[in-house]
Amino acid sequence: MDFLEYIKPELLILVPVLYVIGMAIKKTALIADKLIPLAVGAAGILLSIIYVLATSDLGSPQAV
């Protein structure tokens, strides 16, 4: 099974970015440790959506 069929190679940069975000949240103690995975997951989803919307051609209602 080739995992690159399911993951866009451009989005692999998110792995170290999300790691840094998680470590920054842990050091600042903004939220409880048990909620860090939820925050990092939400950040990953948000950054992925931003990338997809920025690179997609949404010129017609059908494309949306």
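**Exercise 1. The nonpolar patch**

Determine which helix gives the most to the nonpolar patch of this predicted model, and with how many residues.

*Solution.*
Step 1. List the members of the patch: Ile-13, Val-17, Leu-46, Leu-47 and Ile-50 make a nonpolar surface patch of about 420 Å².
Step 2. Compare these numbers with the helix limits. Helix H2 covers residues 36-55 and gives the most to the patch, with 3 residues.
Step 3. Take one member as a check. Ile-50 has its place in helix H2. A patch residue must have over 30% relative accessible area; for Ile-50 the value is 48%, and the residue is therefore partly exposed.

**Exercise 2. Overall form of the chain**

State what radius of gyration the protein chain has, and set this value beside that of a compact globule of 64 residues.

*Solution.*
Step 1. Begin with the secondary structure: the protein chain contains 2 helices and 0 strands.
Step 2. For a compact globule of 64 residues, a radius of gyration near 11 Å would apply, but the protein chain has 15 Å.
Step 3. Add the extents along the principal axes, where the C-alpha trace spans about 45 × 30 × 15 Å.
Step 4. Turn to the surface. The buried residues amount to 14% of the 64 in the protein chain. The accessible surface is about 5,300 Å², and 72% of it belongs to carbon and sulfur atoms.

**Exercise 3. Charges and the salt bridge**

Describe how the charges of the protein chain are placed, and identify the partner with which Lys-26 forms a salt bridge.

*Solution.*
Step 1. Count the charges: 4 are positive and 5 negative, and their mean positions lie 20 Å apart.
Step 2. Count the salt bridges: the structure holds 1.
Step 3. Identify the pair. Lys-26 is bridged to Asp-33, with 3.3 Å between the closest N and O atoms. The cut-off for such a pair is 4 Å.
Step 4. Classify the lysine by exposure. Partly exposed residues lie between the limits of 20% and 50%; Lys-26, with a relative accessible area of 45%, is therefore partly exposed.

**Exercise 4. A pair of glycines**

Find the separation of the C-alpha atoms of Gly-41 and Gly-22, and decide whether Gly-41 is buried, partly exposed or exposed.

*Solution.*
Step 1. Locate the residue: Gly-41 belongs to helix H2.
Step 2. Gly-41 and Gly-22 are 19 residues apart along the chain, and their C-alpha atoms are separated by 9.6 Å.
Step 3. The relative accessible area of Gly-41 is 33%, so this glycine is partly exposed.

Terms used:
Residues numbered from 1 in each chain as written. Predicted model: local features only at pLDDT ≥ 70, side-chain atom pairs only at ≥ 80, totals over all residues. Heavy atoms only, no water. Patch = residues over 30% accessible without salt bridge, like charges linked within 9 Å, V, L, I, M, F, W, Y side chains within 5 Å. Areas by Shrake-Rupley, 256 points an atom, 1.4 Å probe, with all protein chains shown as cover. Salt bridge = Lys/Arg side-chain N within 4 Å of Asp/Glu carboxyl O. Helix = DSSP H or I, 4+ residues; strand = E, 2+ residues; numbered from the N terminus. Buried < 20%, exposed > 50% of the residue type's maximum accessible area, 1.4 Å probe, protein only. Rg over C-alpha atoms; globule rule 2.2 N^0.38 Å. Lys, Arg positive; Asp, Glu negative; His and termini not counted. Charge placed at Lys NZ, Arg CZ, Asp CG, Glu CD.
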